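Reader: I have just opened this structure and would like a friendly tour. Could you walk me through it?

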Amino acid sequence: MNEKKIYIVLTQTYTTIARIIKSITKDKYSHASISLDIKCNNMYSFGRKYIYFPFYGIFLKEDLRKGLFIRNKNALVVIYEIKVTKKQYNKIKDKIKEIELNNKGYNIIGLLLAHFRVKLHRRKYYCSEFVYKVLSNKEIEIYNKENTLFKPEELITNNRFVKIFEGKIRDYIAIC
């Protein structure tokens, strides 16, 4: 089979920083991840290293069943699926690994500047910037325009994405 699927996972955990981001963006979701499996056991993003200190961030390997995602029983998730070729899927995995190995941390300054649509080029990322970077690779071409996307919800404006779930994280975990 030459067709694979990847998933864009947007979440709202209602932490203080998530509420601040939500109030600034006016969007329902404040965090973006990319997953290579439908159960979202293997998600990748940039975010806080420590639960109680949101300003020190790193490249993250996430799981909807752990950490901030399960702390609040009302935490929300929306999951979008996109079909890719096996070659694209492998390139996505390679790009994630490359960024993991070569990143310089969390782009807190870029996150703040993003609100004003100012782009900061460096090897640091915030969550939606990372997801966009992975999917805009020339060999993947899911996004083929200059990175003007900053907010998590702007990631799924491509009509190739299909919403497969929206609701509480605990409800998604229960059906997987």
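Here are some questions and answers about the fold, the salt bridges and a few single residues.

Reader: Before we start, what kind of model is this, and how many helices and strands does the protein have?


Author: Welcome! This is a predicted model. Read along the sequence, the elements follow the pattern β-α-β-β-β-α-β-α-α-α-β-α. The count comes to six helices and six strands.

Reader: What is the radius of gyration of the protein, and how does it sit beside the value for a compact globule?

Author: The C-alpha atoms fill a box of roughly 40 × 40 × 30 Å along the principal axes. For 176 residues, a compact globule would have a radius of gyration near 16 Å. The protein agrees with that, and its own value is 15 Å.

Reader: What share of the contacts with a separation of 6 or more comes from residues 24 or more positions apart?

Author: Let us begin with burial: 49% of the 176 residues are buried. Turning to contacts with a separation of 6 or more, residues 24 or more positions apart account for 64%.

Reader: And the surface: what part of it belongs to carbon and sulfur atoms?

Author: The accessible surface of the protein comes to about 9500 Å². The part that belongs to carbon and sulfur atoms is 52%.

Reader: How far apart do the centres of the positive and negative side chains lie?

Author: There are 35 positive and 17 negative side chains in the protein. The centres of these two sets are separated by 4 Å.

Reader: How many salt bridges are there, and which residues does the network around Glu166 join?

Author: The count is seven salt bridges. One of them pairs Glu166 with Lys163, with the closest N and O atoms 2.8 Å apart. In another, the side chains of Glu166 and Lys28 meet at 3.3 Å, N to O. Through shared partners, the network joins Lys28, Lys163 and Glu166.

Reader: Where along the chain do Glu166 and Lys28 lie, and how many residues apart are they?

Author: The salt bridge between Glu166 and Lys28 links distant parts of the chain. Glu166 belongs to strand S6 (residues 162–168), while Lys28 is in the loop between helix H1 (16–25) and strand S2 (31–35). Along the chain they are 138 residues apart.

Reader: Are the residues of this network buried, partly exposed or exposed?

Author: Glu166 has a relative accessible area of 35%, and Lys28 has 39%. For Lys163 the value is 44%. Residues between the 20% and 50% cut-offs count as partly exposed, so Glu166, Lys28 and Lys163 are each partly exposed.

Reader: Which residue forms a salt bridge with Lys61?

Author: In this pair the closest N and O atoms are 3.4 Å apart. Lys61 is exposed at 57% relative accessible area, whereas its partner is partly exposed at 22%. That partner of Lys61 is Glu100.

Reader: Is helix H5 enclosed or open, and how many of its residues are buried?

Author: Helix H5 covers residues 127–135. Its buried residues include Cys127, Phe130, Tyr132 and Leu135. The helix is largely enclosed by the rest of the structure, because the number of buried residues is eight of the nine.

Reader: Which residues is Thr15 in contact with, leaving aside its neighbours within four places in sequence?

Author: Thr15 lies in the loop between strand S1 (3–12) and H1. With a relative accessible area of 12%, Thr15 falls under the 20% cut-off and is therefore buried. Leaving aside neighbours within four places in sequence, the contacts of Thr15 are Arg48 and Leu68.

Reader: Why is a positive phi worth pointing out at Tyr14, and what is its value?

Author: Most residues other than glycine have a negative phi. Tyr14, in the loop between S1 and H1, is not a glycine, yet its phi is positive. The value for Tyr14 is about 65°.

Reader: Cys40 has a positive phi too; is Cys40 buried or exposed?

Author: Cys40 sits in the loop between S2 and S3. Its phi is near 60°. Its relative accessibility is 0%, so Cys40 counts as buried.

Conventions:
Residues are numbered from 1 along each chain as its sequence is written. This is a predicted model: local features need pLDDT of at least 70, side-chain atom pairs count only at pLDDT 80 or more; totals for chains, interfaces and linings use all residues. Side-chain values use heavy atoms; hydrogens and water are left out. A salt bridge is a side-chain nitrogen of Lys or Arg within 4 Å of a carboxyl oxygen of Asp or Glu. Helices (H or I, at least four residues) and strands (E, at least two) are DSSP runs, numbered from the N terminus. Buried means under 20% relative accessible area, exposed over 50%, partly exposed in between (1.4 Å probe, protein chains only). The radius of gyration is taken over C-alpha atoms; the globule rule is 2.2 Å times the number of residues to the power 0.38. Contact means heavy atoms within 4.5 Å. Accessible areas come from the Shrake-Rupley method with a 1.4 Å probe; for residues, only the protein chains shown count as cover. Lys and Arg count as positive and Asp and Glu as negative; His and the chain ends are not counted. The place of a charge is taken as NZ of Lys, CZ of Arg, CG of Asp or CD of Glu.
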